[in-house]
Amino acid sequence: MNKILDGKKLANELNLELKDKIELLVDNNKIRPKLATILVGDDPGSKVYVNIKHKTCAEVGISSVMIHLPADISKQELLDKIDSLNNDNSIHGILLQLPLPHELGKYTSEFIETINPYKDVDGFHPINRGKLFDYNEELVACTPKGIIRLLEHYNVELKGKNAVIVNRSILVGKPLIFMLLKRNATVTVCHTSTIDIESHIRRADVLIVAVGQPKYITKEKIKEGAIIIDVGTNRIDGKLCGDVDFEDVLDKCSKITPSPGGVGPMTINSLLQNTLIAYANQKSTK
Ligand SMILES: NC(=O)c1ccc[n+]([C@@H]2O[C@H](COP(=O)([O-])OP(=O)(O)OC[C@H]3O[C@@H](n4cnc5c(N)ncnc54)[C@H](OP(=O)(O)O)[C@@H]3O)[C@@H](O)[C@H]2O)c1
């Protein structure tokens with residue numbers, strides 16, 4: 001049995017579908033969806049992520065613009081920039097690349113709250129997070145959205161399953177709580193203060209790991225037949241790897257995402273899907 005939850009393959013297929021859909025929309029509306037990304041500073045990792053996002057936008061026919069600002073920009077200047085994008089009708093989606101450089105990082109919530117919630121393709125605005133509380137997944141964070149899409153594609157039944165998330169960030173763990181509850185899983189969230197974390201992990205029918213530590217999950221830790229979603233992205237000697245010792249657990253699990261090639265491409269596809277939702281939002285609010 002093929003155990004691989006192939007995010008790369010599914011994302012490629014979904015991107016092709018999206019490309020056709022976008023061409024049809026552009027034919028009908030004469031307006032191409034457009035994403036603006038804001039990159040503050042010169043963090044090499046952030047630059048790589050932003051470039052991948054722009055490249056994939058181009059592949060599916062979403063136009064995009066990167067606003068690259070110096071790391072020493074003032075808080076007010078960044079707020080003004082976000083505001084100008086909010087008021088620019090040619091921009092449908094806005095993405096503020098995180099984390100922000102140290103000084104500005106303190107105000108991250110304020111910047112996110114300034115983004116027009118209809119243009120919030122990351123799904124981080126409090127209004128979009130609040131909607132998720134009511135199981136409304138209209139503009140939801142890209143990584144959880146991609147994970148759920150992948151599980152659904154492979155017909156993974158979540159109802160009644162013990163789903164254990166090792167992460168509680170707004171990027172991964174928190175949105176997943178509601179998305180998994182909506183699908184009737186029993187959800188446990190683990191973090192650095194969890195006592196006897198091994199006992200929780202061992203009970204997981206579906207285990208979602210995003211701790212940022214290579215080989216954090218090994219065969220001894222998991223339940224026989226567990227479904228494993230490896231969100232981690234780490235670099236060892238220049239090579240990418242996840243949080244799960246893939247080769248070690250392969251025999252014991254029933255399904256697994258590779259990393260790279262699993263959650264990452266699905267995250268990017270979700271960003272494109274969200275940009276299209278943002279595009280539709282603005283057409284309907286005009
Ligand atoms: N593939 C993708 O598209 C994608 C997208 C997003 C993130 N990621 C990757 O996912 C990982 C996490 O990202 P993030 O932004 O969510 O990071 P983060 O904000 O640092 O969150 C890490 C989470 O893991 C928990 N954690 C860390 N070490 C732990 C341990 N030993 N035991 C239990 N819990 C532990 C932390 O607990 P506390 O809350 O107690 O600190 C925290 O909740 C990174 O490797 C990142 O690169 C990948």
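**Exercise 1. Work out which way the side chains of strand 6 (residues 206–209) point, and whether they are buried or exposed.**

Step 1: Keep in mind that you're looking at a predicted model.

Step 2: Walk along strand 6 and sort its residues by direction. Val206 and Ile208 point one way, while Leu207 and Val209 point the other way.

Step 3: Now check burial, where a residue counts as buried if 20 or more other C-beta atoms lie within 10 Å of its own. Val206, Leu207, Ile208 and Val209 are all buried.

**Exercise 2. Find out which strands pair with strand 6, and in what sense.**

Step 1: Start with strand 4 (residues 162–166). Strand 4 pairs with strand 6 in the parallel sense, and four bridges join them. To pin down the register, pick valine 164: its bridge partner in strand 6 is leucine 207.

Step 2: Go on to strand 7 (residues 227–230). Here too the pairing with strand 6 is parallel, over four bridges. For the register, take valine 209, whose bridge partner in strand 7 is aspartate 230.

Step 3: Put it together. Strand 6 has parallel pairing with strand 4 and with strand 7.

**Exercise 3. Lay out the open sheet of three strands: what is its order, and which are its edge strands?**

Step 1: Read off the order, which is 2-1-3, with parallel pairing.

Step 2: Look for strands that pair on one side only. Those are strand 2 (63–69) and strand 3 (93–96), the edge strands.

Step 3: Check the twist. Ignoring direction, neighbouring strands in this sheet are turned by 15 degrees against each other on average.

Step 4: Zoom in on strand 1 (residues 34–40) and strand 2, which pair in the parallel sense over seven bridges. One handy landmark is leucine 35, bridged to serine 64 in strand 2.

Step 5: Add the helix. Helix 2 (residues 44–60) packs on the sheet and touches strand 1 and strand 2. The direction of helix 2 makes about 170 degrees with that of strand 1.

**Exercise 4. Describe the shell around the ligand: which residues come nearest, and how do the residues divide by type?**

Step 1: There are 23 residues around the ligand, and the nearest are Ser169, His191, Thr192, Gly212 and Thr267.

Step 2: Split the shell by type, and you get nine nonpolar, 13 polar and one charged.

Step 3: Ask which element gives the most. That's helix 11 (residues 263–285), with three residues.

**Exercise 5. Place the domains: what are their bounds, and how far apart are their centres?**

Step 1: The domain assignment gives domain 1 as 30–117 and domain 2 as 142–263.

Step 2: The C-alpha centres of domain 1 and domain 2 lie 29 Å apart.

Terms used:
Residues are numbered from 1 along each chain as its sequence is written. This is a predicted model: local features need pLDDT of at least 70, side-chain atom pairs count only at pLDDT 80 or more; totals for chains, interfaces and linings use all residues. Domain bounds come from an automatic or database domain assignment. A residue is buried if 20 or more other C-beta atoms lie within 10 Å of its own, exposed if 12 or fewer, and partly exposed in between; C-beta atoms are placed from the backbone. Helices (H or I, at least four residues) and strands (E, at least two) are DSSP runs, numbered from the N terminus. Two strands pair if DSSP finds at least two bridges between them. A residue is near a molecule or strand if its C-beta atom, placed from the backbone, lies within 6 Å of it. Ala, Val, Leu, Ile, Met, Phe, Trp, Tyr, Cys and Pro count as nonpolar, Asp, Glu, Lys and Arg as charged, and the others, Gly among them, as polar. Axes are lines fitted to C-alpha atoms, for helices over the stretch in contact, and angles run from 0 to 180 degrees between N-to-C directions. Two residues are in contact if their C-beta atoms, placed from the backbone, lie within 7 Å.
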